[in-house]
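Colleague: Hi! Could you walk me through this one? I'd like to start with the strands.
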Amino acid sequence: MKTLIIIPTYNESENLCPLLGEIFSFAPETHVLIVDDNSPDGTGELAEEIQKGDARVHTMHRAGKLGLGTAYIAGFKYALEHDYEAVLEMDADFSHDPCYLPDFLRAIEDADIVVGSRYIPGGDTPDWPRLRRLISGSGNLFARFMLGIPVRDCTSGFRCYRRGVLQSIDLDAVQSHGYAFQVELIYQVMLQGFKFVEVPIVFPDRRHGTSKMSHKIIFEAFAYVLRTRLSKRWRVPVSATPQGASLL
Ligand SMILES: Nc1nc2c(ncn2[C@@H]2O[C@H](COP(=O)(O)OP(=O)(O)OP(=O)(O)O)[C@@H](O)[C@H]2O)c(=O)[nH]1
Ligand SMILES: [Mg+2]
């Protein structure tokens, strides 16, 4: 399956080269799109340099820090325009370990969406302090039970979608930017009854650089879940039942 891995970057210059090296060692056939938001540390220029020497690498430059959600939307549109059949989302900081790529590529053969999950047997967040585990774990439960999402890690940003899944979503209508983006997207996808699979991932802390996570991002996710649940248009996703439809 022709696959594109979208990597949004903001100040990831130390991670980029080793990350691409590992990605291509585990998944040599895939292509990568780096969506850089004019990183002050030169990540965009570095991506451009790498692209010159490797036809599998593509770069997209945006004017400034416009957020993770819009970076993914821009990447999805690129993937659809360039006829990719499967599209992966992945962070640049090694929290999403490229060693799992073969699992994703295998699983997408029999599913519409593959989610890398920290909350199924085999998944873990070994480096997180108790408070971070509590925030992420309870945020996940809150989103799942309020909206009726059957996926156990619905804030995970390590995912693979079949092209038809992305085509089924009105990408211009997606509003969220941070973790809420992942929740909004999986809710939209589940509403349509696509077949999903979760594969376990161990999620270590980033290797280099600093986190862009903020209280604002956590609040956005909380507000999205509440707003959606209270909206007249809220309904239980079809995929919550075993009869969920599928592209397959
Ligand atoms: N293009 C773009 N990329 C971003 C933006 N914000 C974050 N990123 C990238 O999105 C990925 C995830 O961001 P992180 O800062 O690692 O956020 P996180 O993984 O939720 O938080 P940590 O676990 O603390 O690392 C990384 O590859 C970042 O470089 C943005 O505004 N624009
Ligand atoms: Mg990270």
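Colleague: How many bridges join strand β5 to β6?

Modeller: Three, and the two strands run antiparallel. Strand β5 covers residues 113–117. Bear in mind as we go that this is a predicted model.

Colleague: Noted. What's the bridge partner of Ile 113 in β6?

Modeller: Ile 113 is partnered by Tyr 161 there.

Colleague: And how many bridges join β4 to β6?

Modeller: Four bridges link β6 to strand β4, residues 86–89, and that pair is antiparallel. If you want a position to look at, Leu 88 stands opposite Cys 160 of β6.

Colleague: Which way do the side chains of β6 point?

Modeller: Strand β6 spans residues 159–162. Arg 159 and Tyr 161 point one way, while Cys 160 and Arg 162 point the other way. That fits the usual pattern, because side chains in a regular strand alternate between the two faces of the sheet.

Colleague: Are those four buried or exposed?

Modeller: All of them are buried, and that includes Arg 159 and Arg 162.

Colleague: Nice. Changing topic: where does Phe 94 sit?

Modeller: Phe 94 lies in the loop that runs between β4 and α4, the latter being residues 101–107.

Colleague: A loop residue, OK. Buried or exposed?

Modeller: Phe 94 counts as buried because its relative accessible area is 3%, and the cut-off for buried is under 20%.

Colleague: Which residues is Phe 94 in contact with, neighbours within four places in sequence aside?

Modeller: One group is Asn 15, Pro 18, Leu 19 and Glu 22. Pro 204 and Arg 207 are in contact with Phe 94 as well. Asp 205 is 111 residues away from Phe 94 in sequence, yet their C-alpha atoms are 7.7 Å apart.

Colleague: What about contacts across the whole protein, how many join residues at least 24 apart?

Modeller: Taking contacts between residues at least 6 apart in sequence, 83% join residues at least 24 apart.

Colleague: Let's zoom out, then. How many helices and strands are there?

Modeller: Eight helices and seven strands. The radius of gyration is 17 Å, close to the 18 Å from the globule rule for 248 residues, so the protein is as compact as a globular protein of that length. Along the principal axes, its C-alpha atoms fill a box of roughly 50 × 40 × 35 Å.

Colleague: What share of the residues is buried?

Modeller: Buried residues account for 50% of the 248. The accessible surface is about 11400 Å², with 57% of that belonging to carbon and sulfur atoms.

Colleague: Last one, for the electrostatics: how far apart are the mean positions of the positive and negative charges?

Modeller: They are 8 Å apart, with 26 positive and 31 negative charges counted.

Definitions and conventions
Residues numbered from 1 in each chain as written. Chains lettered and ligands numbered in written order. Predicted model: local features only at pLDDT ≥ 70, side-chain atom pairs only at ≥ 80, totals over all residues. Heavy atoms only, no water. Rg over C-alpha atoms; globule rule 2.2 N^0.38 Å. Buried < 20%, exposed > 50% of the residue type's maximum accessible area, 1.4 Å probe, protein only. Contact = heavy atoms within 4.5 Å. Areas by Shrake-Rupley, 256 points an atom, 1.4 Å probe, with all protein chains shown as cover. Lys, Arg positive; Asp, Glu negative; His and termini not counted. Charge placed at Lys NZ, Arg CZ, Asp CG, Glu CD. Pairing = 2+ DSSP bridges.
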